Amino acid sequence: QVQLVGSGGGLVQAGGSLGLSCAASGSIFSIKGMGWYRQAPGQKRDLVAQITTGGSTDYADSVRGRFTISRDNAKNTVYLQMNSLKPEDTAVYYCNAAIQPLGIPTVYIYWGQGTQVTVSS
C-alpha cells in the first residue's frame, strides 16, 4: 500500500516563511511527477507547484519567485519552501505524486492528507 504523508505548515505572519514536506512510503516501484496543490475555503483545489523526476519545475503565477519546490528522490520526498507569505496564501496544502506501485504496471495519483497554512496580516 502506498501513502503520502505531509508535514509542516502552521501559522505565520505576513512576510514570513514556512516549509512543507511530503514523503511517499509503501510498495513503490517508481515515482513520476510530484507536486503541491492548495485549497482555500469555498475555492477549488489549485496547482501551486510541480516537479518532474529530473527536477524541472513549474509554478502558479501567484507564487512564482516566492515558493520553491524540490524533491529528494532517494527519500521519496517532495518539499515546498514558502517565503514572503501573504494572507492570500492561506489554504490547506496538499501534496500529490504519480506513483507506480511495485508489481503493478499502472501509474496512480496519490494525495497527502493536507496541512493547514495560515498567514495573518
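**Notes on the predicted model: hairpins, sheet, disulfide and cavity**

1. Strands β4 and β5 make a hairpin in which six residues lie between the two strands, and within that turn Gly-42 takes a positive phi of about 75°. This is a predicted model, and the points below should be read with that in mind. The two strands of this hairpin, of which β4 covers residues 28-39, pair in the antiparallel sense over five bridges. One position that helps to locate the pairing is Gly-35, which stands opposite Gln-50 in β5.

2. Strand β5 also takes part in a second hairpin, this time with β6, where five residues lie between the strands and Gly-55 in the turn has a positive phi of about 100°. Three bridges join β5 to β6, a strand that spans residues 57-59, and the two run antiparallel. Within this pairing, Ala-49 has Tyr-59 of β6 as its bridge partner.

3. Asp-46 belongs to β5, which comprises residues 46-51. Is Asp-46 buried or exposed? With a relative accessible area of 32%, Asp-46 is partly exposed. For a sense of distance across the model, Asp-46 and Asp-72 are separated by 26 residues in sequence, while their C-alpha atoms lie 23 Å apart in space.

4. A separate point concerns an open sheet of four strands, whose order is β1-β3-β8-β7 and whose pairing is antiparallel. The edges are taken by β1 (3-8) and β7 (67-72), each of which has a single partner strand, so that one side of each is left without a neighbour in the sheet. From one strand to the next, the twist in this sheet averages 15°.

5. At one end of that order, β7 is joined by six bridges to β8, which covers residues 77-82, and the two strands run antiparallel. A reader who wishes to follow this pairing residue by residue may begin at Arg-71, whose bridge partner in β8 is Val-78.

6. How many disulfides does a search of the whole structure find? The search finds one, and that disulfide is formed by Cys-22 and Cys-95, whose sulfur atoms are 2.0 Å apart. Cys-22 lies in strand β3 (residues 18-25) and Cys-95 in strand β9, so the pair ties together parts that are 73 residues apart in sequence. The link of Cys-22 and Cys-95 is right-handed, with 45° about the S-S bond. Cys-22 is buried at a relative accessible area of 1%, and Cys-95 likewise counts as buried, at 3% relative accessibility.

7. The last point is the empty space inside the model. Rolling a probe the size of a water molecule over the atoms shows where empty space is left. The structure holds one cavity of 30 Å³ or more, and about 40 Å³ of space lies in the largest cavity. Its lining consists of Gly-6, Trp-36, Tyr-93, Tyr-94, Cys-95, Gly-112, Gln-113, Gly-114 and Thr-115. Among these is Cys-95, the residue that is also a partner of Cys-22 in the disulfide.

8. Which strand gives the most to the lining of the largest cavity? Strand β9, made up of residues 91-101, does so with three residues. By character, the lining of the largest cavity divides into four nonpolar residues and five polar ones, with no charged residue among them.

Technical notes:
Residues numbered from 1 in each chain as written. Predicted model: local features only at pLDDT ≥ 70, side-chain atom pairs only at ≥ 80, totals over all residues. Heavy atoms only, no water. 1 Å grid on protein atoms, 1.4 Å probe; cavity = no way out; pocket = protein on both sides within 12 Å on 5 of 7 lines; lining within 4 Å. Points joined across faces, edges and corners; volume = space filled by probe spheres on them. Nonpolar A, V, L, I, M, F, W, Y, C, P; charged D, E, K, R; others polar. Disulfide = S-S within 2.5 Å. Buried < 20%, exposed > 50% of the residue type's maximum accessible area, 1.4 Å probe, protein only. Pairing = 2+ DSSP bridges. Axes fitted to C-alpha atoms, helices over the stretch in contact; angles between N-to-C directions.
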